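Subject: Structure handover

Hello,

Here is the structure I promised to pass on to you. Please open it alongside this email, and my notes on what turned up follow below.

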Amino acid sequence: MENNGPLKGIRVIEFTSAWAGPYTTCLLGFLGADIIKVESLKRIDHARYISFSTGKNFETPDESSVFNSINVNKQSVTLNLKHPKAIEISKKLIAESHIMVENMRPGVINKLGLGYESIKAIKSDIIYLSSSSCGQDGPDAKFVGYAPNFASIGGFTFNTGYEDWGPSNFTGSIDIKSATASAFAILAALCHHQNTGEGQYIDLASQETVAILNTDMLLDFIMNGREVKRKGNRDEVMAPHNCYKCSGKDKWISIAIETDEEWESLCCVMGKEDLITDERYLDTNSRWKNQDELDDIINDWTKDFDHQELMITLQKAGVAAAPSYCSEDLFNDPHIKERKIFQETEHPVIGKDWVVAPPWRLSETPASIKRQAPTIGEHNKEIICDLLGMTEDELQQLVKEEVVY
């Protein structure tokens, strides 16, 4: 597929693993950037072997659908960063790149000799992003972190869940939020580079990318001294505002009412016009105060309906309603299918495999999936010989020395 993306001609080199780092560069790859993933058999990206989301382990590093999903459009070169020659090759690759991304624990990349100051000396206008749990400085900077940790120390877990539950747990979706913030920061730095010719260092803390999405929680404490409590699906103002049981196993529909007009429409669809003049539900405030009884009434009505059909009926009446999709529902949704959110790739080991497409539609510079994720070291020759100009004999020697490994 021809590359007509807006970042065509931009080269990115990444030293990343797991989800937050790799998905950052995956987003840039959707936009047409050329991505070189530096990895090694000495320390394999665990996404190649383990799928935390599906609970599946893989026998070889080239079987993981999870890895395939977040590493499309990339090239793979295997460099053993414990070897000084691999560090020198890495520096040569960085010198040929516009952007560098790493998500090692703070301090590790500096010990390898690939920290920002070292790289700036050989590539003065490099855009360099470090993604970590808590940032590069501060008392918690050296803490190890994964998605559940980011969510916890960013405030998401505490205020998510039902009133009588403990805090909820989050996994990969938090990594994706961090990755999206990273890609946004890189694009901003690219705009600055375009205007000034200057590169810069970006310190991205996953904890903070989560915290800034919790602004209602923070503002309530700052302005009112209140601590937000878990309240399930309920809203501070709107009622009804919940998920309601439908027919079938674990099928639900979300319904949210903001105005009196929407409430009246819901009552008419339910065939309960008498509720419109009921003093308990006359306005937003009264409905909010009596939402326990209101939820019981709605639940008793929705339980016999198909969640998809009910959504259509309510939407036609001007009521904000949508099914609570499980993965099967989402994959088979006709709207999602028409917009080609899921696309099939042909992987040399996995075979046909579904991946998630970019979420943007750019009319002039389309974002796209051009190829499946690379097998480990798939592009060693292309990168070492074609890009850096080494001979095949030199490459074979580097393989023997486990520099390229």
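Ser 286 has a relative accessibility of 12%, so this serine counts as buried, the cut-off being under 20%. You will find Ser 286 in helix H11, which covers residues 284-289. Leaving aside residues up to four places away in sequence, Ser 286 touches Glu 279, Arg 280 and Tyr 281. Do keep in mind as you read on that this is a predicted model.

A second serine is worth a look too. Ser 133 sits in the loop between strand E7 and helix H6 (147-153). Is Ser 133 buried or exposed? Its relative accessible area is 6%, so Ser 133 is buried. Again not counting residues up to four places away in sequence, Ser 133 touches Phe 143, Gly 145, Phe 150, Ile 153, Ala 205, Ser 206 and Gln 207.

Now to the sheets, starting with the one that contains E7.

This open sheet is built from six strands in the order E5-E2-E1-E6-E7-E8, and their pairing is parallel. At its edges stand E5 and strand E8 (200-205); each has a single partner strand, so one side of each is left without a neighbour in the sheet. From one strand to the next, the twist averages 20 degrees.

If you would like to trace the pairing at both ends, begin with E8. Strand E7 (residues 127-132) runs parallel to E8, and six bridges join the two. One position to click on is Ser 131, whose bridge partner in E8 is Leu 204. A helix also packs on this sheet: H3 (residues 84-95) touches strand E1 (11-15), E5 and strand E6 (99-102). The direction of H3 makes about 150 degrees with that of E1.

At the other end, strand E2 (residues 34-39) pairs with E5 in the parallel sense, over five bridges. Here Ile 36 has Gln 75 in E5 as its bridge partner. How many of the five residues of strand E5 (residues 74-78) are buried? Four of them are, so E5 is largely enclosed by the rest of the structure. I find E5 a nice strand to pause on: it stands at an edge of the sheet, with a single partner strand, and yet it is largely enclosed.

The other sheet to look at has three strands.

It is an open sheet as well, with the order E9-E10-E11 and antiparallel pairing. Strand E9 (241-245) and strand E11 (320-323) are the edge strands, each pairing on one side only. Neighbouring strands in this sheet are turned against each other by 20 degrees on average, with direction ignored. Strand E10 (residues 252-256) pairs with E11 over four bridges in the antiparallel sense, and Ile 255 stands opposite Ala 321 in E11.

Two helices lie across this three-stranded sheet. Helix H12 (residues 291-302) lies across E9 and E10 and runs at about 35 degrees to E9. Helix H13 (residues 307-316) lies across E10 and E11, running at about 165 degrees to E11.

Finally, here are two helix pairs. Two packed helices are described by the angle between their axes and the distance between the axes.

For helix H1 (residues 20-30) and helix H7 (residues 172-196), the axes come within 8 Å and cross at roughly 50 degrees. That angle makes H1 oblique to H7, and the crossing of the two is right-handed. On the H1 side, the contact is made by Ala 20, Tyr 23, Thr 24, Leu 27 and Leu 28. Their counterparts in H7 include Asp 175, Ile 176, Ala 179, Ala 183, Ile 186 and Leu 187. The residues of this contact between H1 and H7 divide into nine nonpolar, four polar and one charged.

Helix H16 (residues 380-387) and helix H17 (residues 392-400) have axes 9 Å apart and pack at an angle of about 130 degrees. H16 and H17 are therefore oblique to each other, and H16 passes H17 in a right-handed crossing. Which residues meet there? Asn 380, Lys 381, Ile 384 and Cys 385 in H16 meet Glu 392, Leu 395 and Leu 398 in H17. The contact of H16 with H17 is made up of four nonpolar residues, one polar and two charged.

Happy exploring, and best wishes!

Methods. Residues numbered from 1 in each chain as written. Predicted model: local features only at pLDDT ≥ 70, side-chain atom pairs only at ≥ 80, totals over all residues. Heavy atoms only, no water. Axes fitted to C-alpha atoms, helices over the stretch in contact; angles between N-to-C directions. Parallel < 35°, antiparallel > 145°, perpendicular 65-115°, else oblique. Left-handed = near helix turned anticlockwise from the far one by under 90°. Contact = heavy atoms within 4.5 Å. Nonpolar A, V, L, I, M, F, W, Y, C, P; charged D, E, K, R; others polar. Buried < 20%, exposed > 50% of the residue type's maximum accessible area, 1.4 Å probe, protein only. Pairing = 2+ DSSP bridges.
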